[in-house]
Amino acid sequence: MGVFDIIKDRRSIRTYKDERIPKDKLEKLLEAARLAPSAANRQNWKFIVVENEEVKKQLVAACNNQPFVGTASNIIAGVGDPSQKWHQVDLAIALEHIALEAVELGLGTCWIGAFDEDEVKKLLKIPQDKKVVALLTVGIPAESPAARPRKSLEEIVAYDEYK
């Protein structure tokens, strides 16, 4: 599958099969994140992979009670250092590397931006001086949603100046 096809096929998956991701596939996802670019190649990030069922249940509450969060095989927390100017961009790129690699591996993901950061930090023992940029559910999809509508290029692209 080519990169463009993977981009076209990526969907937010909110229904997962009750199966664990094979360890080799999980490691490949994390390797995709490790290879992501970062400002000045600092790689100033940490990925916390949640496997524990009890912790996943507690994360459901911390994620505004979105029940599907707890049904994923894993939840990956992207943690950055806010003292680094580009930490949020760096982590977004790395997490999207995971999301795209997941498509190639037949897995599904969903970005989670609605969460109580203090509660997530407490549950995952993340130092207060760090920033939880996003969470990503990962699992074996039990759904295949249709593509959502997208704006045309003419609506989102301008050349040489903002129009």
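Biologist: Where is V157 found in this model?

Modeller: The model is predicted. V157 is found in the segment after α6 (153-156).

Biologist: Why is V157 called partly exposed?

Modeller: Its relative accessibility is 37%. Buried means under 20%, exposed means over 50%. V157 sits in between, so it counts as partly exposed.

Biologist: Which residues make a nonpolar surface patch with V157?

Modeller: L153, I156 and Y159 join V157 in a patch of about 460 Å². Patch residues need over 30% relative accessible area. V157, at 37%, clears that cut-off.

Biologist: Now the core. What makes T109 buried?

Modeller: T109 has a relative accessible area of 2%. The cut-off for buried is under 20%, so T109 qualifies. T109 lies in strand β3 (residues 108-112). Among the residues that T109 touches are R11, Y16, A99, L136 and V138.

Biologist: Turn to helix α3 (residues 53-62). Which of its residues are buried?

Modeller: V55, K56, L59, V60 and A62.

Biologist: How do you know that they lie on the same side of α3?

Modeller: They cover an arc of only 160° around the axis, which puts them on the same side. An α-helix has 3.6 residues a turn, so residues three or four places apart point the same way.

Biologist: What do the buried residues of α3 pack against?

Modeller: They pack against β1 (45-50), β2 (74-80) and α5 (117-124).

Biologist: What is found at the start of α3, and what just after α3?

Modeller: At the start, a side-chain oxygen of N52 reaches to within 2.9 Å of the backbone nitrogen of E54. Polar contacts need N or O atoms within 3.5 Å, so the distance fits. Just after α3, N64 takes a positive phi of about 55°.

Key:
Residues are numbered from 1 along each chain as its sequence is written. This is a predicted model: local features need pLDDT of at least 70, side-chain atom pairs count only at pLDDT 80 or more; totals for chains, interfaces and linings use all residues. Side-chain values use heavy atoms; hydrogens and water are left out. Patches are made of residues with over 30% relative accessible area and no salt bridge: like charges are joined within 9 Å, nonpolar side chains (Val, Leu, Ile, Met, Phe, Trp, Tyr) within 5 Å. Accessible areas come from the Shrake-Rupley method with a 1.4 Å probe; for residues, only the protein chains shown count as cover. A salt bridge is a side-chain nitrogen of Lys or Arg within 4 Å of a carboxyl oxygen of Asp or Glu. Helices (H or I, at least four residues) and strands (E, at least two) are DSSP runs, numbered from the N terminus. Buried means under 20% relative accessible area, exposed over 50%, partly exposed in between (1.4 Å probe, protein chains only). The arc is that of the directions from the helix axis to the C-beta atoms. Contact means heavy atoms within 4.5 Å. A polar contact is a pair of N or O atoms within 3.5 Å; within protein, one must be able to donate a hydrogen and the other to accept it, and residues adjacent in sequence count only if both atoms are side-chain atoms.
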